[in-house]
Amino acid sequence: MRRIVHLSDLHFGRARPELLIPLQAAVTQAAPDLVVISGDLTQRARSREFRQARGFLDALPAPWMAVPGNHDVPLYNLGARLFRPFRKYRKWIAAELEPVHADDDIAVVGVNTVDPRRHQRGRIGARATRRICALFEGGPPRRLNIVLGHHPFEQAADARKTPMRGAPRALDALMKCNAHVVLSGHLHRWRAGRFLTGIRAEGPIQIHSGTSLSSRLRGAVNDFAVLDVEDARVTVRRMMVDDTDLSFAEAECTRFRRGPGGLSLLERGAAESPASG
């Protein structure tokens with residue numbers, strides 16, 4: 001079995017300091033093989049926020065990989081935003097904006113969906129999609145293929161954010177090139193399930209983690225995802241904070257079965273037991 005912890009929207013600069021130790025403890029208890037972070041590590045892309053984020057990453061109990069979010073580029077410094085948008089991210093987090101982790105069991109391909117010319121809306125073009133598909137199509141058939149980006153490839157009508165430019169075309173291509181899971185954030189809301197538009201019973205699934213640390217909850221709660229990959233099954237657990245004692249505990253569990261056409265829903269229900277190694 002392989003275990004992945006999916007964090008998102010940490011927003012250092014607007015993080016809840018009282019959750020920092022509980023989140024670190026919950027990730028450590030999960031004993032992941034890999035931790036992935038789908039962007040917005042900072043609130044305003046300030047150096048002190050990136051330093052805090054890097055300190056958090058360095059304390060993680062497993063290898064990690066991250067992609068930037070729209071909050072990880074300057075907002076008010078237009079010169080830096082247009083000409084050096086990722087300078088601080090590269091300095092403090094990672095030089096590679098689209099990292100890749102691949103072995104015989106899982107492949108996680110990062111994609112940078114940030115459009116520096118837009119404050120919020122993301123983008124994905126044909127070149128990025130071809131890169132992802134080339135990595136997936138060249139791997140072993142048994143491998144689970146995962147896309148990691150900040151902006152969701154699909155969102156509900158009530159999300160009140162501008163949909164990512166190029167997302168429908170990219171999603172159509174990903175369905176045809178063996179993509180199984182798409183991890184994202186940005187919306188600060190949880191979802192683990194099939195894509196809603198034009199997708200058959202089997203296909204890629206989308207997992208939005210909410211915000212793991214931020215105080216900008218937008219009516220939701222702080223959470224993160226734990227993915228267990230074992231043979232033809234993928235189990236997704238939502239780890240949600242309890243504001244009474246500030247601990248993260250399993251709130252729901254969704255299981256998927258992998259078939260020739262992708263993943264299909266097997267079972268969805270309340271938590272059964274804490275995610276642990």
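**Close-up 1. Surroundings of the buried residues of helix H2 in the predicted model.** Strand E1 (2-7), helix H1 (20-30), strand E2 (34-38), strand E3 (64-67) and helix H4 (87-92) are among the elements that cover the buried residues of H2. The residues they help to cover are Glu 49, Phe 50, Ala 53, Phe 56 and Leu 57. Viewed down the helix axis, these buried residues fall within an arc of 120°, so they line one face of H2.

**Close-up 2. The length of helix H2.** H2 runs over residues 47-58 and has 12 residues. From its first C-alpha to its last it reaches 16 Å, which is close to the 16 Å expected at 1.5 Å a residue.

**Close-up 3. The salt bridge between Arg 2 and Asp 105.** The side chains of Arg 2 and Asp 105 meet with an N to O distance of 3.5 Å. Arg 2 lies in strand E1, while Asp 105 is in the loop between strand E4 (100-102) and strand E5 (106-110), so the pair ties together parts that are 103 residues apart in sequence. Arg 2 has a relative accessible area of 18% and is buried, because the limit for a buried residue is under 20%. Asp 105, at 24%, counts as partly exposed.

**Close-up 4. The salt bridge between Glu 98 and Arg 131.** In this pair the closest N and O atoms are 3.7 Å apart. Glu 98 is found in the loop between H4 and E4, and Arg 131 in helix H5 (residues 126-137), so the salt bridge ties together parts 33 residues apart in sequence. Both partners are partly exposed: Glu 98 has a relative accessibility of 21%, and Arg 131 has a relative accessible area of 25%.

**Close-up 5. The salt bridge between Arg 142 and Asp 105.** The side chains of Arg 142 and Asp 105 meet at 2.2 Å, N to O. The pair links distant parts of the chain, 37 residues apart: Arg 142 sits in the loop between H5 and strand E6 (144-148), and Asp 105 in the loop between E4 and E5. Arg 142 counts as exposed, at 58% relative accessibility.

**Close-up 6. A network of salt bridges.** Arg 2, Asp 33, Asp 103, Asp 105 and Arg 142 are joined into one network by salt bridges that share partners. Asp 105, for example, pairs with Arg 2 and also with Arg 142. The count for the model comes to 19 salt bridges.

Key:
Residues numbered from 1 in each chain as written. Predicted model: local features only at pLDDT ≥ 70, side-chain atom pairs only at ≥ 80, totals over all residues. Heavy atoms only, no water. Helix = DSSP H or I, 4+ residues; strand = E, 2+ residues; numbered from the N terminus. Expected span 1.5 Å × (residues − 1). Buried < 20%, exposed > 50% of the residue type's maximum accessible area, 1.4 Å probe, protein only. Arc of directions from axis to C-beta. Contact = heavy atoms within 4.5 Å. Salt bridge = Lys/Arg side-chain N within 4 Å of Asp/Glu carboxyl O.
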